Each structure stands twice: as C-alpha cells, then as structure tokens.
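Trainee: Please take me through the strand pairing in this model, together with the loops that connect the strands. I would like one connected account, with the cut-offs stated.

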Amino acid sequence: MTTSRQWLYLSIAFAFVLIATSALLPMPWFGGKTVIEEVTSETQTEKTFHLITTEYKTTVNGREMEVYRWNPGNLVVREGDRIKLVMHGVHGKVHHFSLKEFGLQGTVKKGKATTVRFVADKPGTYELICHNHHGVDQNGPMVAYITVLPEKEQ
Ligand SMILES: [Cu+2]
C-alpha cells in the first residue's frame, strides 16, 4: 500500500511540474514571444463581408432601364486574411457568380443567403462577377472589386 501511495504522490508531483512548466513557457525569458505569435496566427478570426444583390431602376427618354449591382461593390482586405462573403439575394431571381482567381463559384437566390470562404493569399484586384448580369446588355455589369493589399511589413 505504501508503494502505491508513493507512486500517487510521485505522479501528482510530476503532473504539477508539467503544469508549472507549460505555464512558464509563454513567458518572455523562455522565448515565449514566438509561442504567442503562433497561437495568434492560428486563431486569427475571419473577416466577414455582407453583400446584397441590388437592383436600380430608372427611366431614360421614356424607356425603363435597370441595372443589378453587388452592394457594396468594393472590398479591401489584407493579404493572408481569411475572408467570409455572405451574399444576400434581395433583388433579382438568381445570380450565378464566380471569383475565379480563388476557385469560387455558386448561386445566390432571391430570399436566400450564400456563404463562401477563401484566404486572400495573393495581392491584386479581383472581380466577383455575376454571370446573369455580366455586361450592360444583361442589366449589368454586376461586378464587385475585391482588392487584396500586400502583407504588412514586419
Ligand atoms: Cu446578378
């Protein structure tokens, strides 16, 4: 019995040393800065943008005109950002879209929301295109411009 009790105390002491060590590791004098940065990048939250399918109507010389747009039509993000786009179908029956540089395509239907996710891993300006309202002839252009700014200098 004494032996098993000794093992128990030894186990508790060992567990205590483990916990104390792991608590000390993040401290700066143990090089904890690196550990903290890794944790930060792993738990980086998504940036969420809501886009609305919007229709504008007007009359020009007695002729009715309409145009569909993403609202907002410009998004600016930073290289490396995790992006979530929630596209709400408000106007227009259906919008087949693509953001081809990030391998995204899908459909937004009236009264529904479509969500896509991507990592903005390359700087530049990219077009979120609606293929139903692509050009002026199709009551477009229904394009949103997504600008990815280069990663910040460290
Ligand atoms: Cu559209």
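**Strands and the loops between them**

Mentor: N61 counts as exposed because it has 5 C-beta neighbours inside 10 Å. For burial, C-beta atoms are placed from the backbone, and the other C-beta atoms within 10 Å of a residue's own are counted: 20 or more makes it buried, 12 or fewer exposed, and anything in between partly exposed. The model is predicted, so a local feature needs pLDDT of at least 70 and side-chain atom pairs count only at pLDDT 80 or more, while totals for chains, interfaces and linings use all residues. Residue numbers start from 1 along each chain as its sequence is written.

N61 sits in the loop between β1 (47-60) and β2. Although not a glycine, N61 has a positive phi of about 50 degrees. The element names follow DSSP runs numbered from the N terminus, where a strand is E over at least two residues and a helix is H or I over at least four.

β1 and β2 belong to an open sheet of 4 strands in the order β2-β1-β4-β7, with mixed pairing. Its edge strands, each pairing on one side only, are β2 and β7 (113-119). On average, neighbouring strands of this sheet are turned by 20 degrees against each other, direction ignored. For such angles, axes are lines fitted to C-alpha atoms (for helices, over the stretch in contact), and angles run from 0 to 180 degrees between N-to-C directions. Two strands pair if DSSP finds at least two bridges between them. The antiparallel pairing of β4 and β7 runs over 7 bridges. M87 has T114 in β7 as its bridge partner.

After β2 comes the loop to β3, which holds P72. The peptide bond between N71 and P72 is cis, with omega about 0 degrees.

β3 is part of the other sheet to consider, an open one of 5 strands in the order β3-β9-β8-β5-β6, again with mixed pairing. Here β3 (74-78) and β6 (104-109) are the edge strands, and each pairs on one side only. From one strand to the next, the twist averages 20 degrees.

The loop between β4 (82-88) and β5 contains V90. V90 counts as partly exposed because 15 C-beta neighbours lie inside 10 Å. Leaving out residues up to four places away in sequence, V90 touches I52, T53 and T54; contact here means C-beta atoms, placed from the backbone, within 7 Å. V90 and G111 are 21 residues apart along the chain, and their C-alpha atoms are separated by 5.9 Å.

β5 (residues 94-99) pairs with β6 in the antiparallel sense over 6 bridges. The two strands form a hairpin with 4 residues between them, and G103 in the turn has a positive phi of about 65 degrees. L99 has L104 of β6 as its bridge partner. β5 also runs antiparallel to β8, to which 2 bridges join it. There S98 stands opposite I129 in β8. F97 contacts Q105, G106, V108, L128, I129, C130 and H131, not counting neighbours within four places in sequence.

β8 and β9 run antiparallel and are joined by 6 bridges. L128 stands opposite A144 in β9.

The loop between β8 and β9 contains N139. N139, like N61, has a positive phi without being a glycine, in this case about 60 degrees. N139 counts as buried because it has 20 C-beta neighbours inside 10 Å. P141 is found in that β8 to β9 loop as well. The peptide bond from G140 to P141 is cis, with omega near 0 degrees.

Several residues already named return in the largest nonpolar core, which has 16 residues; L51, W70, F97, L128, C130 and A144 touch the most other members. The elements giving two or more residues to this core are β2 (63-71), β4, β8 (124-130) and β9 (143-149). A nonpolar core is a set of buried Ala, Val, Leu, Ile, Met, Phe, Trp, Tyr and Cys residues joined through C-beta atoms within 7 Å.

Technical notes
Contact = placed C-beta atoms within 7 Å.
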